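Here are my notes on this one, as numbered points. Have the chains open while you read.

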Amino acid sequence: MSPLTLIFLIPLLTAIVLLFVPARMERAVRGMTQAATGISLLLALGVFTQFQPGQGYQFVEQHDWMPSLGIGYHVGVNGINIGLILMGALVAFAAACSTREIIQRVKEYHILLLLMTGGILGAFVSLDIFMMYFLHELALVPTFIMIGVWGHGEDKNFAAFKITLYLSAGALLALAGLILLYTQIGANSFDLLVLLDHASEHNPGLNIPMQNTIFGLLLFGLGILVSLWPFHTWAPLGYSAAPTAAAMMHAGVIKKFGLYVLLTVALPLLPDGATGWAWVLALLALGNLLWCGLVALKQKDFTLLLGNSSVAHMGFVFLGIASLNLIGITGAVLVMIAHGLLAGLAFGLAGWIRQHTGSTEMEKLGGLLQTMPFVGGALLMALMAGCGLPGFANFAGEIAVFFGVWQSDFKIIAVVAAWAALVIGAVYMLRAARNLLHGPLPAIELGGEDARCCARLPFVLLLIALLLFGLCPHLLTNKITPAAKTLLPPANRAVQSAHNQ
Amino acid sequence: MNLTLVHQEICITLIGVLILLLDLCTPPAHKTKLGWLGIAALALVLLSGLGPLPAIEPGDQVFHRGDAEVLTVTHTQVINGHDHLHCTRPSGQPLDRTIPANETLRSGFHGGITQDALAQYFKTLSLTAAILVLLLGIGFASRLRDGVGEFFALTCFALVGMMFAAGAANFVVLFAAIELITITFYVLTSFQRHRLRSLEAGVKYLILGAAASALMVYGIALIYGATGTMSFNALQTPAGGNAQIFNLGLLLLLAGLGFKIAAVPFQVWAPDVYQGAPAPVTAFLAIGSKAAGVVLLLRLAAAGLQIHASLLWPLFNWIAAATIAYGSLCALRQRNLKRLIGYAGIASAGYLLLGIVALRTGHGHEGSQAILYYLAGYLFAIIATFMVISRVTREAEDEDLSVLAGLYQRSPLMATVLTLAIVSLAGIPPLAGFLGKFLLIKPILAGAAQGAAHTALIIVALAGVVVSLYYYFIVIREIYWSPGINPHNRPEKLPVLEVDWATRLALIICAIMLVALGLFPEPLLAWTREAVTALALH
């Protein structure tokens, strides 16, 4: 059995086992959840170190599932999803360690968290498009219930319904696109590798209008899932209402699914569609970067600021994809991984602050570096990473995206994006740092307890990963680059090799 | 007369009669035992109908697939390793060629009934539904006041109607089966005579049902007038000069069947009847009656595939779109649980019609397979939903959504199963409902890409799924995090809901089936694939 199967089955099976654990044994429930996600993390780490760059799909496992529909059980990793799986498992472990705030219905919370973890990790290891979609939907449903039951704030009901309807509509549009892709390619299979083979053998494949239709469906369907401007309004609202672990998992990991499918399914199978829509995608990405950045500037609540900045960061990934060249796509994958780690860290710390001070409003808080030095310090680093400070993984990804966009047809966008990212991002991140971490202690006593030994572990792990991939980005790029090469449209691939020579 | 063709129907009728007779000498305290008797007997009937269909033997009547004539087999012969049949025509004259056995359908009663894999599938489906409905009825018996025995017997008689509908091959059997179902349901819907709503439901169903039957019988008469035969296969041959009469007849026939499945514009009865009828009856109506309507529609549509009526086929597109839109939009503001499921049921009828639309887009196999699969998932979701509704409303005597408040604390089992059922109805993985909707939408999308179906239909179908998520998630919210209507009576303080073990058993069966059909659909898919071969689609 491939370790990839275990990575996502262990959380799912643990969730089923937890159903039969008495609800009063809260310690056991927390322990089992952390153990399950911990094992997944170790397995993911093992796969990451064993992975041979540039040798296609590895750790492959394949079984029949619904052969009559051309749907199979097929898992494997290449350079694109290996980093995402490691990031996902790490954030899931950190999320499982950040559930102290939950005091009611503890068992159910952990079951849903495990379903979410198993679902999304499964979606990332799948090589069958139907299985990807299936497991991703499985991960989405717990989000809604977690926001509804354990969420924060007055309008959590509204947030829960908004996020449900937006994400379901997005998923459904994407499903329509995927089904259309399946029927049009005519390979009678949902297997990604079979589809790719079929497409490369039958050249030219789909005609351009059809490619444009399908790519459009996928772009907007998946775009809604990733909070593409102007379909992003669910994200800040949902994240600020969500309980900590759900916000970490969704902003960090689940949201990357849309980008992942766009990269691995839409780009190689619909090269002409991608070329046709690249301009639109680049312009909408600017909407993410500028509009959502400006919205983030005006936020008074720290979680809303984080939500908006997370939407803004998605703009970099979209830009990287729109550049349709090797360095841009490599950068996009790097940003996906870096942002996943960063979102997990930032929402985890915000959850800690909310749990121990009772508020996330920046005007009420202040001087956190004095009352909670470790959490404050970690938050400072997270905010710096969010600004794109060199040394953190985000910098490596963002700079690669800029190079990519500069190489592509729309240089002017690169200039605007760089300006937006540097100026706006720095302003709101630094403002948050000043309001939260420095300054006088707030007039009212908020209380506040710093994270001690064990509670520090998830934050430390995420910071280490951010710094490690920031200082040695080649750990990721040497895996991503060979795989990203296969995703490019054939025309751009030729240009790329000319450049390299 | 080949009685083995209808042995299941005969057995069920006898079971119903037996229950009625035993009811006379059963003391009131033990009436529910009659229900258990019915369940055991129906389970045996269910088992007797499984397995491969019997081989065709000399003396049997058969249809050559897609042909209206009923042939009688004289002897069989093996040619190139395959069974071939020598037959005689109805006139007694021998047929000049042999027919491969796998291209024939066993039939009987002069072509009135066929015994094919499709009939077998729907019979199994109806029997499963009836068994679960009887389980539900046993839990419900305390609220019926009197006539418990009759309730079980009538359920059996309605089931006989559904079984005949599953195997019907001509319009006479179709009409008799539909009437048997409908008339039994007139009684069943108004079974709680002390409740005004139940009586109202009965009267509404009676008046509209009678009108629909009248339309249908008129339609049958017109078709007979135009073609001179009662067989469904008559639809395959063009009606010549009588095309106008023939088309009018078809239209009226569709109106009658549209009433059965509650398709727009014949849907008005559904919410009221769903709300007023006793919960087990509503469940049976929602699945059994719908399945019977759908199988007949499927057979007729498959037989009439070649009809060049410019009006009829596009009509299916519009009816499907209107039904989905109407059901979804009306369900949005519903607070009454049974009405909500009623409107949602209208929307699912619309989704089932997508499978019929697919027949004309060149994806007929996939479409009809999807209908069969969807109904199986729908069966368990609907029964589970009504089981919980029936139990929860027993004390509350109220069907507002707020009775579900705190259900999670009051009965984790019911909350979990209702969640699974609702999530399946909403069409979310990993449950049966997801694959059902996926299969129904897939051929339509493929057809739309070839320009064979309306893009508008796809948009309505997809929008309907999104809208349905809203109203289904309101139910989920009520179960898990609703404050309840009375702020002083927190849901946590409400008493625990005890579930008797008949209901518990049925709930667990439904939950397991919903998950199993969602995760491991291949066995059922294989069965549906075999079943639709009987439709002779090309």
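**Notes on chains A and B**

1. Starting with chain A: among its contacts between residues at least 6 apart in sequence, 81% join residues at least 24 apart. Contact here means that the C-beta atoms of two residues, placed from the backbone, lie within 7 Å.

2. Before going further, keep in mind that this is a predicted model: local features need pLDDT of at least 70, side-chain atom pairs count only at pLDDT 80 or more, and totals for chains, interfaces and linings use all residues. Residues are numbered from 1 along each chain as its sequence is written, while chains are lettered from A and ligands numbered from 1 in the order in which they are written.

3. Overall build of chain A: 21 helices and 2 strands. These are DSSP runs numbered from the N terminus, with helices being H or I of at least four residues and strands E of at least two. The C-alpha trace spans about 70 × 55 × 40 Å along its principal axes. The radius of gyration of chain A is 21 Å, which agrees with the value near 23 Å for a compact globule of 501 residues; that radius is taken over C-alpha atoms, and the globule rule is 2.2 Å times the number of residues to the power 0.38. Of the 501 residues, 62% count as buried, i.e. 20 or more other C-beta atoms lie within 10 Å of the residue's own, all placed from the backbone.

4. The strands of chain A make a hairpin: β1 (residues 58-66) and β2 (residues 71-77) pair antiparallel over 6 bridges. Pairing requires DSSP to find at least two bridges between the strands. A:Gln58 has A:Val77 in β2(A) as its bridge partner. There are 4 residues between the strands, and A:Gly70 takes a positive phi near 75°.

5. Chain B has an open sheet of 6 strands, antiparallel, in the order β4-β3-β2-β1-β5-β6. β4 (99-100) and β6 (113-115) are at the edges with a single partner strand each, so one side of each is left without a neighbour in the sheet. Further in, β1 (residues 61-64) and β5 (residues 104-108) of chain B run antiparallel and are joined by 4 bridges, with B:Val62 opposite B:Arg106.

6. Which chain B elements should you look at for the interface? In total, 24 residues of chain B are in contact with 22 residues of chain A. Elements giving two or more residues to the chain B side are α15 (432-449), α16 (455-481) and α18 (522-533). α16(B) gives the most, with 10 residues. By class, this side has 20 nonpolar (Ala, Val, Leu, Ile, Met, Phe, Trp, Tyr, Cys, Pro), 4 charged (Asp, Glu, Lys, Arg) and no polar residues (the others, Gly among them).

Methods: A residue is buried if 20 or more other C-beta atoms lie within 10 Å of its own, exposed if 12 or fewer, and partly exposed in between; C-beta atoms are placed from the backbone.
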